[in-house]
Amino acid sequence: MENTFKQWIKDTYEADQIEDIQRHGCEGGVSGMIYYTETTALYDQYTDEMHEVVGELTDQIGFFPEYIAQYIGSVQQFKNAMVWTVAEWYAGEIVAEMEEA
């Protein structure tokens with residue numbers, strides 16, 4: 001099993017929960033990604049992968065995501081924003097993969 005944040009999402013959440021992340025985002029509260037202790041640990045574990053994904057997202061939309069940029073001044077809030085942004089991005093990918101299957 002590969003050790004990626006995307007795989008962690010697949011292993012941690014049921015299909016309907018991933019669809020909820022894709023539809024509603026993480027801001028409303030997603031178990032395992034609510035508290036700064038949780039999101040900071042995820043960020044620290046998957047830092048390189050998250051920066052790679054945000055770089056790809058930035059290339060696609062043409063600018064650095066504002067949601068992340070607004071939290072540059074606080075390490076905890078920045079890490080949280082990175083985790084939520086990448087989780088939402090991956091949720092979209094995973095839902096698309098499920099629909100194709």
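Are Phe5 and Tyr90 buried or exposed? Both Phe5 and Tyr90 are buried, and I would like to use these two residues as a way into the interior of this structure, which, I should say at once, is a predicted model.

Let me begin with Phe5 itself, whose relative accessibility is 0%, so that Phe5 counts as buried under a cut-off of 20%. Phe5 shares helix 1, which covers residues 5-12, with Trp8, and the two are 3 residues apart, about one turn of the helix. Trp8, by contrast, has a relative accessibility of 22% and therefore counts as partly exposed.

Now to the rings. A search of the whole structure finds 6 aromatic pairs, and one of them is made by Phe5 and Trp8, whose ring centres are 5.7 Å apart with an angle of 15° between the planes, so this pair is stacked. Phe5 also forms an aromatic pair with Tyr90, and here the arrangement is tilted, with 6.2 Å from centre to centre and 50° between the planes. This second pair links distant parts of the chain, since Phe5 is in helix 1 whereas Tyr90 is in helix 6, residues 75-100, and the two are 85 residues apart. Taken together, Phe5, Trp8, Tyr13, Tyr46 and Tyr90 make up one aromatic cluster.

Which residues have the most contacts inside the largest nonpolar core? That core has 28 residues, and the residues in question are Phe5, Ile9, Met33, Met50, Val83 and Tyr90, so both partners of the tilted pair are on the list. Two or more residues of this core are given by each of helix 1, helix 2 (15-24), helix 3, helix 4 and helix 6, and helix 6 provides the largest share, 12 residues. As general background, nonpolar side chains in soluble globular proteins tend to be buried together.

Val83 shows how several of these names come together: leaving aside residues up to four places away in sequence, Val83 touches Phe5, Met33, Thr39, Leu42, Tyr43 and Met50.

Finally, a word on helix packing. The axes of helix 3, residues 36-45, and helix 4, residues 47-61, come within 5 Å and cross at roughly 85°, and the two helices are therefore roughly perpendicular to each other. Helix 3 makes this contact through Leu42, Tyr43, Asp44 and Gln45, while helix 4 uses Thr47, Met50 and His51; by character, these residues divide into 3 nonpolar, 3 polar and 1 charged. Leu42, Tyr43 and Met50, which belong to this contact, are also among the residues that Val83 touches.

Technical notes. Residues numbered from 1 in each chain as written. Predicted model: local features only at pLDDT ≥ 70, side-chain atom pairs only at ≥ 80, totals over all residues. Heavy atoms only, no water. Axes fitted to C-alpha atoms, helices over the stretch in contact; angles between N-to-C directions. Helix = DSSP H or I, 4+ residues; strand = E, 2+ residues; numbered from the N terminus. Parallel < 35°, antiparallel > 145°, perpendicular 65-115°, else oblique. Contact = heavy atoms within 4.5 Å. Nonpolar A, V, L, I, M, F, W, Y, C, P; charged D, E, K, R; others polar. Phe/Tyr/Trp six-rings, centres within 6.5 Å; stacked < 30°, edge-to-face > 60°. Buried < 20%, exposed > 50% of the residue type's maximum accessible area, 1.4 Å probe, protein only. Core = buried A, V, L, I, M, F, W, Y, C linked by side-chain atoms within 4.5 Å.
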